[in-house]
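Thanks for coming. I'll go through one structure today, starting with a sheet and ending with the ligand. Please look at the picture while I talk.

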Amino acid sequence: MVSEHAPKVLVASNRGPVSYTLREDGSLDSKRGGGGLVSGLSAVEDKVWVCAALSDGDREAVRRGVSEPGVRMLDIDASVHADAYNGIANSVLWFVHHMLYQTPVEPVFDAEFRRQWASYEAYNRAFAEALAEEADPDSAVLVQDYHLTLVPGMLRELRPDLRIGHFSHTPWAPVDYFRLLPDDIGRQVLHGILGADRAAFLTRRWADAFIGCCTEVLGGTGRTRIGVHGLGADADFLRRRSREADVDERMATLREQVGEGRKTIVRVDRTELSKNIVRGLHAYRALLEERPEWRERVVHVAFAYPSRQDLTVYRDYTAEVQRVAEDINATYGTADWTPVLLHVDDDFARSLAAYRLADVALVNPIRDGMNLVAKEVPVVSDHGCALVLSREAGAYEELGEDAIVVNPYDVSATAEALHEALTMDGDERSVRSERLAAAATSLPPQQWFLDQLDALLG
Ligand code: G6P
């Protein structure tokens, strides 16, 4: 891919690799993000990343012509972006693929939905037009996720010469659930993605669900090839980063907060409805109730970082997480034991410190495209850690054999799984943890990205 004849590579995603904040003195501060795409793209020389301006700082950067090489930020009208991102992407498409609706009362597809859908189309069109402008003849374009499902189809019309891929980082809904969408909208989403030469997913299960929807709704996937690429943890980065001084400092603080000789059950998530944090807390409460021998001997270290706080349902969920954690602490806590250590302020170094300390990692999503926490903890862990893992996480396909697997709705079974994980014999835990780490790192981000590119161009 880095040879002289390699084509130019374009990536399109809602959130880009850099963000700007406006300082009080009027200057702009830039911050680079991480993640699979950032490391994946580092292996490619001739590239452009097209993304949306997400904040006032980002918009100001676009207006001032401030940018990073290889990044094109689109200043889409703020209300159009809000309708597309909050209204359609996060409140409709995310809900459909994660099966989050309370179906007796939602969803309701009315005139307001149609208005927001028009914004989603405009937002997708802005991306398609920018990509058409940036692309050389025969460039490869990799379009990311549920925010941009219409881009492949729109771009194909503008530039039939391009090689276009689409990658879904989420689960894909089974057809009966996908059919909650209005018929014309469901068809538009599928046709949009099928505008790509290749549509790829994190697991076979999500790819099959997509094929199922195309078959039932459209009669097939047409000429589009379907692929599976399971993103792994970035072992080199994680092992190096988790040994830095700021992580050691946070470990010392956490150790003190947990208390001498106690075991830890660790979870780290965005405060996201699909992550099932509240049922995780109920399972922990059930453990303390059913097996009182664990009282004073275990701490649930739960990091739940703010996410999508523009949406009421996310703010309510955040409040519920805090309420349940406080209730458990009020019921069972003692003078020198806080049963739940909940932190809500995002701190990557502290997350790595918790990974290193973990005796048990709890990853119990309702549905999840992959879930990288399940893969990262065994890689970073100091003394091997047991993994309680939902069978509805994409990571289950690769880690299921060495994890303790749970139905995420079954609180009692999750409590029992926590007990089993806490009592797992030390040798067995080390052996399983090593196998989990090996499986978790089998497809590092650069390889994951280059495989997709090869498959698209091949
Ligand atoms: C998670 C999902 C991705 C999605 C991202 C958006 O990481 O796995 O599929 O693109 O969230 O998050 P944001 O904070 O940009 O809404």
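Which strands does helix 12 lie across? Helix 12, residues 312–332, lies across strand 11, residues 298–305, and strand 12. Its direction makes about 155 degrees with strand 12. Before I go on, please keep in mind that this is a predicted model.

Stay with those two strands for a moment. Strand 11 and strand 12 run parallel and are joined by 4 bridges. If you want a place to look, find Ala302, which stands opposite Leu342 in strand 12. The chain goes from strand 11 through helix 12 to strand 12, and this β-α-β crossover is right-handed.

Now the sheet that these strands belong to. It is an open sheet of 6 strands with parallel pairing, and the order is 12-11-10-13-14-15. At the edges are strand 12, residues 340–343, and strand 15, residues 404–406, each of which pairs on one side only. From one strand to the next, the twist averages 20 degrees.

Further along in that order, strand 13 and strand 14 also run parallel, with 4 bridges between them. Strand 13 covers residues 360–363 and strand 14 covers residues 386–390. Here the pair to find is Leu362 and Val388, with Val388 in strand 14 standing opposite Leu362.

A general remark for those new to sheets: in a regular strand, side chains alternate between the two faces of the sheet.

On to the other sheet. What is the order of its 7 strands? The order is 5-4-1-6-7-8-9, in an open sheet with parallel pairing. Strand 5, residues 71–74, and strand 9, residues 225–228, are the edge strands, and each pairs on one side only. Neighbouring strands here are turned against each other by 20 degrees on average, if direction is ignored.

At one edge, strand 4, residues 47–52, runs parallel to strand 5, and 4 bridges join them. Cys51 has Met73 in strand 5 as its bridge partner. Helix 18, residues 445–457, packs on this sheet and touches strands 1, 6, 7, 8 and 9. The direction of helix 18 makes about 140 degrees with that of strand 7.

Let me step back to the whole chain. The protein chain is divided into domain 1, which is 9–231 + 446–457, and domain 2, which is 235–440. The centres of the two domains, taken over C-alpha atoms, are 30 Å apart. Their contact takes 16 residues from domain 1 and 13 residues from domain 2.

Which elements of domain 1 give two or more residues to the side that touches domain 2? They are helix 3, residues 78–98, and helix 8, residues 204–218. Helix 3 provides the largest share of that side, with 4 residues. Sorted by class, the side of domain 1 that touches domain 2 has 6 nonpolar, 8 polar and 2 charged residues.

Last item: the ligand. Where do the residues of its shell come from? Domain 1 and domain 2 each supply at least three of them. The residues around the ligand are Asn14, Arg15, Asp145, His169, Thr170, Ser307, Arg308 and Gly369. By class, the shell has no nonpolar residues, 5 polar ones and 3 charged ones.

That is what I have. Questions are welcome.

How values were computed:
Residues are numbered from 1 along each chain as its sequence is written. This is a predicted model: local features need pLDDT of at least 70, side-chain atom pairs count only at pLDDT 80 or more; totals for chains, interfaces and linings use all residues. A residue is near a molecule or strand if its C-beta atom, placed from the backbone, lies within 6 Å of it. Ala, Val, Leu, Ile, Met, Phe, Trp, Tyr, Cys and Pro count as nonpolar, Asp, Glu, Lys and Arg as charged, and the others, Gly among them, as polar. Domain bounds come from an automatic or database domain assignment. Two residues are in contact if their C-beta atoms, placed from the backbone, lie within 7 Å. Two strands pair if DSSP finds at least two bridges between them. Axes are lines fitted to C-alpha atoms, for helices over the stretch in contact, and angles run from 0 to 180 degrees between N-to-C directions. A crossover is right-handed if, with the strands pointing away from the viewer, the path from the first strand over the helix to the second runs clockwise.
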